[in-house]
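I open this notebook to record what I looked up in the structure. The entries follow the order in which I consulted it.

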Amino acid sequence: MAWGTELWDQFENLDKHTQWGIDFLERYAKFVKERLEIEQTYAKQLRNLVKKYCPKRSKDDEPRFSSCLSFYSILNELNDYAGQREVVAEEMGHNVYGELMRYSQDLKSERKHHLQEGRKAQQYLDQCWKHMDNSKKKFERECKEAEKSQISYDRLDNDINATKSEVEKAKSQLYLRTHSADESKNEYAAQLQNFNGEQWKHFNVAIPQIFKNLQDMDERRTVKLGETYRSFADVERRVVPIISKCLEGMVTAAKAVDQRKDSAIVVESFKSGFEPPGDFPFEDYSQNLSRTGSDNTISTPKNEGVVKPDPKHSISKAAKNKLWLFGKKPKAPSLEDFSHLPPEQRRKRLQARIDELSKELQKEVDQRDALNKMKDVYEKNPQMGDPQSLQPKISETMCNMEKLRSEIHKNESWLSEVEGKVSTRGDRRPSADVNHHTPHGRESPEGSYTDDPSQEHRSPPHQPDPRQAHQPDEFDDEFDDDDPLPVLGHCKALYSFDGQNEGTLLMKEDDVLYIIEEDKGDGWTRARKQSGEEGYVPTSYVEIAMEKNSKGAVTYI
């Protein structure tokens, strides 16, 4: 149905209706804006929630339990889900809200134009009607004046007392009024004909066209609303597959929870590597009591039925506390060689550190090879660069490689030591060939080991940290025998050492000492003077000579 024919007289109502349509479109645009703001706030809160429950962690604190890994996987999926909500908000703002606001401005301009044209047509028609109405009123006045002149003329013409001049004057006035009335009549007829023509054009051409334009505009507004409704839903529909993947990822993470694996990780994390303590023998302290025959008791023979205390099974007070499963265990400080940890945990930590150092060493080796290749290219093609400019970087890389090799060697020595202890299960001093893989040399001032005894430095090398000298094993106090350690070799002091720290040994240059414990990779060697005084000295301060029969030696000084 056409507005121009059906609503030809409803200009004001169509004006109100088109204004309501634009207001409704802007109201929907406001709704979309508030919706996308909700999406933005929701996405922001989700990201903050993920950030709150997924804090930054160091490498050692990375979770290994399947329940923790699954939870962090769920957090990652939730973070991706929040990203999709942001996508929804962004596309709603661009494809729906922004498009609606632009279209609203266009509608306002178009509506204003059409209404102005309608008002101009109405004003022109009103003007035509006014001219026609004026000519009609003039014709009416002229007709009345002509009637009056006719009556006046008839009265004088019938009056016998009237003069001829008065009759002629009345006749002349009647003629003028009649002529004016005829002219007014003709003008009124012309104006009426013109008005009727303009009115037909107004209601059959101009107004229908204007109303048709308004109808088209309103229908396009309605279509646009429908399209934006669909776009609003399509924005959600486009992210549904990705959101479904996020939810599937959460379900997969939930299925990945494995209670048996988590239990095995607990065992692996806290297993000490020691065996439970065995039975302790009965210690009879009454065997030295004198018994008489009148006691009516059967005396126990001195050598029968009496179990002598075995010094190997004597329990120190400190060790006794460690035998109980739920005994309070003091917290040991973290040490470089992890000697504060049980053997099994220490072995794992050392192995992990060796693997990490090996990766770093491989990177340095690759960098050195790349620099050498570049240097060769520069030497063959000097225009590409100066070969000498790469030498500092090559030297730095070589120095880093040497330091990493030294660190790897030191950690491998500690690893060999702990593996030897774990394998012997309770031996106080494992044999040197199992525990010690440190070369029978001394540590150079740069931290690298050398087997060449001729490489002597007359200035004292760098001393190792005294705090790292012989960090006792947590379980060493379970064995309290006082037997002296066997001599493994001897050494000659190359420099003087004051031995001010606790556990160290004072020595002077050229002193000869006995080796009773080799360097375990921490830079310290345990030695004994001829006077019997024992302590630790820096390995780099002495020249060591090991005995050929040092393994299993039983010679005591």
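Entry one, a surface patch. I began with a nonpolar patch of about 310 Å² on the surface, made by Trp20, Phe24 and Tyr229. The model I am reading is a predicted one. I then looked up Trp20 and found this residue in helix 2, which covers residues 11–53. Is Trp20 buried or exposed? I noted that Trp20 is partly exposed, because its relative accessible area of 48% falls between the 20% limit for buried and the 50% limit for exposed.

Entry two, helix 4. I traced helix 4 over residues 164–255, 92 residues in total. From first C-alpha to last, helix 4 reaches 132 Å, close to the 136 Å expected at 1.5 Å a residue. Where is the kink in helix 4 centred? I located the kink at His202, with an angle of about 45 degrees.

Entry three, Ser180. I placed Ser180 in helix 4 as well. Ser180 has a relative accessible area of 25%, so I recorded this residue as partly exposed. I also checked Ser180 against Arg141: the two are 39 residues apart along the chain, and their C-alpha atoms are separated by 9.8 Å.

Entry four, the whole chain. I counted 9 helices and 7 strands in the protein chain. The chain has 557 residues, of which 34% count as buried. Its accessible surface comes to about 36,400 Å², and carbon and sulfur atoms hold 52% of that area. Lastly, I looked at contacts between residues at least 6 apart in sequence, and 74% of these join residues at least 24 apart.

Methods: Residues numbered from 1 in each chain as written. Predicted model: local features only at pLDDT ≥ 70, side-chain atom pairs only at ≥ 80, totals over all residues. Heavy atoms only, no water. Helix = DSSP H or I, 4+ residues; strand = E, 2+ residues; numbered from the N terminus. Buried < 20%, exposed > 50% of the residue type's maximum accessible area, 1.4 Å probe, protein only. Contact = heavy atoms within 4.5 Å. Areas by Shrake-Rupley, 256 points an atom, 1.4 Å probe, with all protein chains shown as cover. Expected span 1.5 Å × (residues − 1). Bend = angle between axes of the 7 residues up to and from the residue. Patch = residues over 30% accessible without salt bridge, like charges linked within 9 Å, V, L, I, M, F, W, Y side chains within 5 Å. Salt bridge = Lys/Arg side-chain N within 4 Å of Asp/Glu carboxyl O.
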